[in-house]
Amino acid sequence: MATPPSIPGEPTQTGTALTDTAASTIQSFAPINKIHQHLCAFHFYGHDMTRQVEAHHFCSHQNEDVRQCLIYDSPESNARLIGVEYLITENLFLTLPDAEKPLWHSHEYEVKSGMLFLPGVPGPVQRQDLDKVCKTYGKTFHFWQIDRGDELPLGLPQLMMAFTRDGQLNTTLAQDVEKRFSVSFEEERMNRAYMTGPEHGIHPLANGGGKGLKTELRDTDYKPVDSVPRIFV
């Protein structure tokens, strides 16, 4: 993975660091402390499969049917927070309105292909949980378009998707991750052959419903009208 560009701004001052240290000894970080799992995977922009990024998910369980993940561009201490993903079981996915379903992607291929993995976790251990992930759906937005070299999170959050068949993931990107994390996607593919996806099969409206999806901004009426902020020039 290429060295991330430097982020604009002054280096953290000693006073700021001291305040952070003091706060960390007093405050509770309960939501963050619930994070129990690191998943490495790949996403592509919902409107452009040629734009593919490595995505490190740091996830917590809300319950057996819902997980939520913070997504970073690497597992290092200087990693940039680039997005979020929610994972839900098939049972919950089937309750969603049809208009909502295209925003969610399936995980069956990601898991069974071996390209989604838990760095550093022994294969037999991670496969116990990935057998569950294989049956889930995810909804992902990225805020920081690092593939463009953006130094800050510019533009609108973009809907991301996951791969669904062979030949879609950039070979160079895949090989780079395999080398850095000492994993073999092909070996894991064979080890995961017994796994199955959603009980009712992948829903036809999932994964964009077979269409490209892009987040765009449009003007609309401001409600209530009398609350429109004044602009001073």
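Which element gives the most residues to the lining of the largest cavity? In this predicted model, the answer is strand 1, with 3 residues. Before turning to that cavity in detail, it helps to look at the chain that surrounds it.

The chain contains 7 helices and 7 strands. Read from the N terminus, these elements follow the order α-α-β-β-β-β-α-β-α-α-β-β-α-α. The C-alpha trace spans about 65 × 45 × 35 Å along its principal axes. Of the 233 residues, 38% count as buried. The accessible surface of the chain amounts to about 13,900 Å², and carbon and sulfur atoms account for 55% of that area. Contacts that link distant parts of the sequence are well represented: among those between residues at least 6 apart, 66% join residues at least 24 apart.

With the overall picture in place, the cavity can be described. The structure holds 1 cavity of 30 Å³ or more, and about 50 Å³ of space lies in the largest cavity. Its lining is formed by L39, A41, H43, H57, E85, L87, H107, E110, L116 and V133. Strand 1 (37-45) and strand 4 (81-88) are the elements that give two or more residues to this lining. By residue class, the lining divides into 5 nonpolar, 3 polar and 2 charged residues.

Some of the lining residues reappear elsewhere in the model, and R192 offers a convenient route to them. R192 sits in the segment after helix 7. With a relative accessible area of 0%, R192 falls under the 20% cut-off and therefore counts as buried. Leaving out residues up to four places away in sequence, R192 touches E110, V111, K112, G114, L116, F117, Q126, R127 and L130. Two of these neighbours also make polar contacts with the R192 side chain. The backbone oxygen of L116 lies 2.8 Å from a polar atom of that side chain, and the side chains of R192 and Q126 are joined by a polar contact of 3.4 Å. Both E110 and L116, which R192 touches, belong to the cavity lining.

Q126 leads on to helix 5 (residues 123-133), whose buried residues are G123, Q126, R127, D129, L130 and V133. What do the buried residues of helix 5 pack against? Their partners are strand 1, strand 3 (66-72), strand 4, helix 4 (108-113) and helix 7. V133, one of these buried residues, is also among the residues that line the cavity.

A second link across the sequence is found at Q52, which is placed in strand 2 (residues 48-61). Is Q52 buried or exposed? The relative accessible area of Q52 is 16%, which lies under 20%, so Q52 counts as buried. Apart from neighbours within four places in sequence, Q52 is in contact with H43, F44, F163, Q168, L169, N170 and L173. Among these partners, Q168 is 116 residues away from Q52 in sequence, yet the two C-alpha atoms are 9.7 Å apart in space. The side chain of Q52 reaches the backbone oxygen of Q168 at 2.8 Å. H43, another contact of Q52, is one of the residues lining the cavity.

S106 is found in strand 5 (residues 105-106). At a relative accessible area of 2%, S106 is under the 20% limit and so is classed as buried. Beyond its neighbours within four places in sequence, S106 is in contact with T136, Y137, A162, T164, I202 and N207.

The last of these partners, N207, has a backbone feature of its own. Phi of N207 is near 60°, a positive value in a residue other than glycine. N207 is located in the segment after helix 7. S182 is likewise not a glycine and has a positive phi, of about 55°. Where is S182 placed? S182 lies in the loop between helix 6 (171-181) and helix 7 (185-191). Its relative accessibility of 68% is over the 50% cut-off, which means that S182 counts as exposed.

Methods
Residues are numbered from 1 along each chain as its sequence is written. This is a predicted model: local features need pLDDT of at least 70, side-chain atom pairs count only at pLDDT 80 or more; totals for chains, interfaces and linings use all residues. Side-chain values use heavy atoms; hydrogens and water are left out. Helices (H or I, at least four residues) and strands (E, at least two) are DSSP runs, numbered from the N terminus. Buried means under 20% relative accessible area, exposed over 50%, partly exposed in between (1.4 Å probe, protein chains only). Contact means heavy atoms within 4.5 Å. A polar contact is a pair of N or O atoms within 3.5 Å; within protein, one must be able to donate a hydrogen and the other to accept it, and residues adjacent in sequence count only if both atoms are side-chain atoms. On a 1 Å grid over the protein atoms alone, a cavity is a set of points where a 1.4 Å probe fits but cannot get out, and a pocket is an open set with protein on both sides within 12 Å along at least five of seven lines; lining residues have an atom within 4 Å of a point. Grid points are joined across faces, edges and corners, and a volume is the space filled by probe spheres set on the points. Ala, Val, Leu, Ile, Met, Phe, Trp, Tyr, Cys and Pro count as nonpolar, Asp, Glu, Lys and Arg as charged, and the others, Gly among them, as polar. Accessible areas come from the Shrake-Rupley method with a 1.4 Å probe; for residues, only the protein chains shown count as cover.
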